[in-house]
Amino acid sequence: SSYFAEDSDDSDSDESSEEDLAEEDTDSSDGSDAEESASEDSDGESDSEDSEDETSDSEADDDEVDNLALAVSGGFRWNEDDEAGNSQASASDSDSDASDDAASPAAKSKKGSKRSKMQATQDVTADLSEQAPRSANDFERLVMGSPDSSFVWIQFMTYYLSQSEVEQAREIAERALKTISPREEQEKMNVWVALLNLEHRFGTKDTLDDVLKRALQYMNPKHVYLQMAKIYERAEQIAEAVRIHKIATSKFSESCKVWVLFGLLYLKTDQVTESRDLLARALRSLPKRKHVKAIMQFGQMEFKHGEPERGRTVFEGVLSTYPKRVDLWSVYLDMEISSVTRQGLDAADPSGRCWAPARKLFERVTSMKHSSKKMKFFFKKWLKFEKDHGTEATVEHVKQRAREFVNSLGA
């Protein structure tokens, strides 16, 4: 069992810090209450007290303010390192409070009005940040605050489209392309894709071709072609999508991605023969170093969207050439396991017949000669599979196979 042990980091929560934070919140509220009561008492003083001894009044007021300042200093103790600074701050607060008490009623009124205005401004700002923008002015403020965010610009375009103002949405897209920093290529690309979608849905063929030409001029042409093909595919305009993919494969024949996405389109539209022919064409055009990647991805597509048996044939072919590639075996195993769900087989079948191909594959790969590190990876993967889909007997079988491998190393 220690063979399957994995390292883990223990993380303990500090309950005492949570209690300190709770105490700080309570002290803060107590301090703020004391300040409010002090301001109310000072506002409620009568003018008839002018005849009393001014010296005794000032001393009494200073004592009262000192008591309140002590409460405030306790409430705003953020951490232990700031205790000395807070004690000095409380002393200065007491002096400022005393001077406020001595100020004229007009000054107090002016100060209160200023505070209320600041509070109102803060409330409005908070509302704008928490609520979704509901007007063009709201969006203008957002784009001013985040000029390089394609998300905000596209939301602005969507707002105008919801109002059936297509021309305004076009203008926003053009503004975004001029405003976003040239360094933010992905943000610009997002806006170009949004503009292509807009023209495809609300424009004409001429306007769409014009935007496509401009996008090809300013952005990565391969990415633009692939995005345009996706737009046609989502609109179920398969002929147009195939046309764009053919252009992409002719211009970027050494890119594995364009061939894989083209083959995926064929499989999704039940053009299986065209997809398999495309793999042969891809291997003739791609550099040798990309052949394994292309074959593996076409094999995955066969498992997911074509025929699992064809996918097995593809993987078996590449593994016969590269039998030590752990990544190929791992993907092959994953595809074999997930194919049970995709084919609608009964995963809870007590006989376990649906899992037989995956178990045979595990038996086969663990019978080969690999390094200890690779074998540990396969045994762990097999053990997890049996714990999820097998029985106690199959789990014990995996452990026994692992023990036999470990013993063989010591022999």
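**Exercises on a cavity and its salt bridges**

The residues that line the largest cavity divide into three nonpolar, two polar and three charged, where Ala, Val, Leu, Ile, Met, Phe, Trp, Tyr, Cys and Pro count as nonpolar, Asp, Glu, Lys and Arg as charged, and the others, Gly among them, as polar. The model is predicted, and local features need pLDDT of at least 70, side-chain atom pairs count only at pLDDT 80 or more, while totals for chains, interfaces and linings use all residues. Residues are numbered from 1 along each chain as its sequence is written, and side-chain values use heavy atoms, with hydrogens and water left out.

**Exercise 1.** Find which residues line the largest cavity, and which helices each supply at least two of them.

*Solution.* Begin with the term: on a 1 Å grid over the protein atoms alone, a cavity is a set of points where a 1.4 Å probe fits but cannot get out, and lining residues have an atom within 4 Å of a point. The largest cavity has a volume of about 40 Å³, a volume being the space filled by probe spheres set on the points, which are joined across faces, edges and corners. Its lining is made of Ser275, Arg276, Leu279, Phe298, Gly299, Glu302, Arg310 and Val314. Finally, compare these numbers with the helices (DSSP runs of H or I, at least four residues, numbered from the N terminus): α13 (272-285), α14 (291-305) and α15 (308-321) each supply at least two residues of the lining.

**Exercise 2.** Explain what the salt bridge between Arg276 and Glu302 ties together, and decide whether Glu302 is buried or exposed.

*Solution.* A salt bridge is a side-chain nitrogen of Lys or Arg within 4 Å of a carboxyl oxygen of Asp or Glu, and the side chains of Arg276 and Glu302 meet in one at 3.3 Å, N to O. Arg276 lies in helix α13 and Glu302 in helix α14, so the pair ties together parts that are 26 residues apart in sequence. For the second step, buried means under 20% relative accessible area, exposed over 50%, and partly exposed in between (1.4 Å probe, protein chains only). Glu302, with 4%, is therefore buried, whereas Arg276, with 26%, is partly exposed.

**Exercise 3.** Work out how far apart Asp388 and Lys384 are along helix α18.

*Solution.* Asp388 forms a salt bridge with Lys384, and the closest N and O atoms are 3.0 Å apart. The two residues are four places apart in helix α18, which means that about one helical turn separates them. Asp388 counts as partly exposed at 48% relative accessibility, and Lys384 counts as exposed at 56%.

Technical notes:
On a 1 Å grid over the protein atoms alone, a cavity is a set of points where a 1.4 Å probe fits but cannot get out, and a pocket is an open set with protein on both sides within 12 Å along at least five of seven lines; lining residues have an atom within 4 Å of a point.
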